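Open your viewer, switch to a cartoon view and keep the selection panel within reach. We will go from helix to helix and then into the pockets.

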Amino acid sequence: VADTLKKDSKEAIEALKKMGLEIWMITGDNRKTARAIGRELGIENILAEILPQDKEKEIKKLQEQGKIVGTVGDGINDAPMLAQADIGIAMGSGTDVARETGNIILVKDDIRDVIKAIKLSKATFSKIKQNLFLAFIYNVLAIPIAAGVFYYWLGFLIRPEIAAGAMILSDISVIGNSLLLKRLR
């Protein structure tokens with residue numbers, strides 16, 4: 001007896017590999033079944049006949065090797081593994097325990113949403129860095145001007161209300177940059 005494959009699993013595995021991720025299958029299925037499924041999906045790293053409580057230990061072993069581990073699961077047996085992983089992704093159609101344990105809960109029962117979640121998180125992190133840069137540049141330039149540091153050399157001083165307006169423009173630029181995430185498809 002084995003878990004059935006989700007219809008888009010092969011496509012998702014191929015996409016994850018293209019992203020440079022190392023894919024592992026940790027399953028309670030017997031070795032023969034696990035290898036057959038692994039071959040069908042293109043997964044080389046297979047740990048079979050793993051008891052639910054031992055899945056967590058296997059994740060720890062990978063982490064001890066310096067790997068950042070993300071897991072995807074949907075059952076009560078996956079909850080310890082989801083909790084141990086650096087990032088646990090629970091399928092929305094899974095058990096309540098899996099959904100409560102996961103860091104990310106996919107609403108639909110589509111494994112390809114794992115790829116979307118990774119892309120969205122990378123884009124979000126990129127926007128965070130861009131926004132920090134925008135805020136840093138503003139503060140490095142505007143605060144000394146508003147404080148009058150350049151007044152003696154340039155004779156230039158900004159009135160407080162103009163400095164406050166510039167701060168609002170800084171906030172608008174950060175918000176506007178963040179809103180560009182809506183274009184992500």
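Start by selecting G66. In this predicted model, G66 sits just after helix α3 and takes a positive phi of about 90°.

Now step back into α3 itself, residues 52-64, and show side chains. Which residues of α3 are buried? They are K55, E58, I59, L62 and Q63. These residues cover an arc of only 140° around the axis, which puts them on the same side of α3. An α-helix has 3.6 residues a turn, so residues three or four places apart point the same way. To see what covers this buried set, add β1 (24-26), β2 (45-47), β3 (70-73) and α4 (79-84), which are among the elements lying over it.

Next, select α2, residues 31-41. At its start, look for N30: one of its side-chain oxygens comes to within 3.1 Å of the backbone nitrogen of K32. Colour A34, I37, G38 and L41, the buried residues of α2. Looking down the axis of α2, you will find these within an arc of 105°, so they line one face of the helix. Rotate to the other side of α2, where K32 and R39 are exposed. Then bring up α1, β1 and β2, against which the buried residues of α2 pack. Just past α2 comes G42, with a positive phi near 80°.

Time for the pockets. The largest one has a volume of about 1,700 Å³. Of its 49 lining residues, select W24, G70, T71, V72 and G73 to land on those closest to the pocket centre. Which elements supply at least two residues each to this lining? Select α1 (9-18), β1, α2, α3, β3, β4 (87-91) and α6 (113-147). The most comes from α6, with five residues. Colour the lining by class and you get 29 nonpolar, 10 polar and 10 charged residues.

Last stop: the second largest pocket, with a volume of about 220 Å³. Select E11, A15, R112, I115, K116, K119, L120, L184 and R185 to display its lining. Both α1 and α6 give two or more residues here, and the largest share, four residues, belongs to α6. How many residues of each class line the second largest pocket? The lining has four nonpolar, no polar and five charged residues.

Definitions and conventions: Residues are numbered from 1 along each chain as its sequence is written. This is a predicted model: local features need pLDDT of at least 70, side-chain atom pairs count only at pLDDT 80 or more; totals for chains, interfaces and linings use all residues. Side-chain values use heavy atoms; hydrogens and water are left out. Buried means under 20% relative accessible area, exposed over 50%, partly exposed in between (1.4 Å probe, protein chains only). The arc is that of the directions from the helix axis to the C-beta atoms. Contact means heavy atoms within 4.5 Å. On a 1 Å grid over the protein atoms alone, a cavity is a set of points where a 1.4 Å probe fits but cannot get out, and a pocket is an open set with protein on both sides within 12 Å along at least five of seven lines; lining residues have an atom within 4 Å of a point. Grid points are joined across faces, edges and corners, and a volume is the space filled by probe spheres set on the points. Ala, Val, Leu, Ile, Met, Phe, Trp, Tyr, Cys and Pro count as nonpolar, Asp, Glu, Lys and Arg as charged, and the others, Gly among them, as polar. A polar contact is a pair of N or O atoms within 3.5 Å; within protein, one must be able to donate a hydrogen and the other to accept it, and residues adjacent in sequence count only if both atoms are side-chain atoms.
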